[in-house]
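The following note sets out points on core packing and on one helix pair. Please read it alongside the sequence and the model.

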Amino acid sequence: MSSWWAGKLRRTMRFVFGQVSPRDRVELEQLLGYEQLLLFESMHRADQVHGLEVLRYLQAAGRTERDLLLAGLFHDAGKGPSVGLLHRIIWSLGERYGRGIHEAASALPGMREGLERMRDHAGRSAELAVAAGCSPLTADLIRHEPLPE
């Protein structure tokens, strides 16, 4: 299996089975302010788990800059809780095999809005982060910097 497919399978498993542990929640309460905790809680569970994975990756790499850590945690917040597994699969297939997949899937009931959220989530995530009290630098990192998958 190619590494792309293996990575997508891991993300699918995280979507279905991923959990935020009580230990994770304690760590978040120490790191985040009240509005930021609310933002985290508003995220889809899969995006919460992924954000925590990115946060841990950055910490393991010795990164301690608060703006970077918050960007890692919140970079997918703009997807929102309504972007489901099928939206994510179609989005990934379109990125891999051509945007025509997005266009064709957008004709299906309930797909257009979710795919638009996938397309625009970086900007929306940045806006939500600022509204939750994150700095403009955190927002810029979310908008423009690639984060580890």
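1. The largest nonpolar core (buried Ala, Val, Leu, Ile, Met, Phe, Trp, Tyr and Cys residues joined through side-chain atoms within 4.5 Å; buried is under 20% relative accessible area with a 1.4 Å probe, protein chains only) has 26 residues. Leu32, Phe40, Leu52, Leu73 and Phe74 touch the most other members. At least two residues each come from α2 (22–31), α3 (34–42), α4 (45–60), α5 (66–74), α8 (111–131) and α9 (136–144), and α5 gives the most, with six. Helices are DSSP runs of H or I, at least four residues, numbered from the N terminus.

2. The model is predicted: local features need pLDDT of at least 70, side-chain atom pairs count only at pLDDT 80 or more, and totals for chains, interfaces and linings use all residues. Residues are numbered from 1 along each chain as its sequence is written, and side-chain values use heavy atoms, with hydrogens and water left out.

3. Beyond its neighbours within four places in sequence, Phe40 is in contact (heavy atoms within 4.5 Å) with Val20, Arg25, Leu28, Leu32, Gln48, Leu52, Leu73 and Phe74. Another core, of seven residues, lies apart; Val83, Trp91, Ala105 and Leu115 are among them.

4. Helix α1 (residues 3–17) packs on α4 at about 120°, the axes being 8 Å apart. α1 is therefore oblique to α4 (neither under 35, over 145, nor 65 to 115 degrees). From α1, Arg11, Arg14, Phe15, Val16 and Phe17 meet Arg45, Ala46, Val49, His50 and Glu53 of α4. These contact residues comprise five nonpolar, one polar and four charged.

Notes: Buried < 20%, exposed > 50% of the residue type's maximum accessible area, 1.4 Å probe, protein only. Axes fitted to C-alpha atoms, helices over the stretch in contact; angles between N-to-C directions. Nonpolar A, V, L, I, M, F, W, Y, C, P; charged D, E, K, R; others polar.
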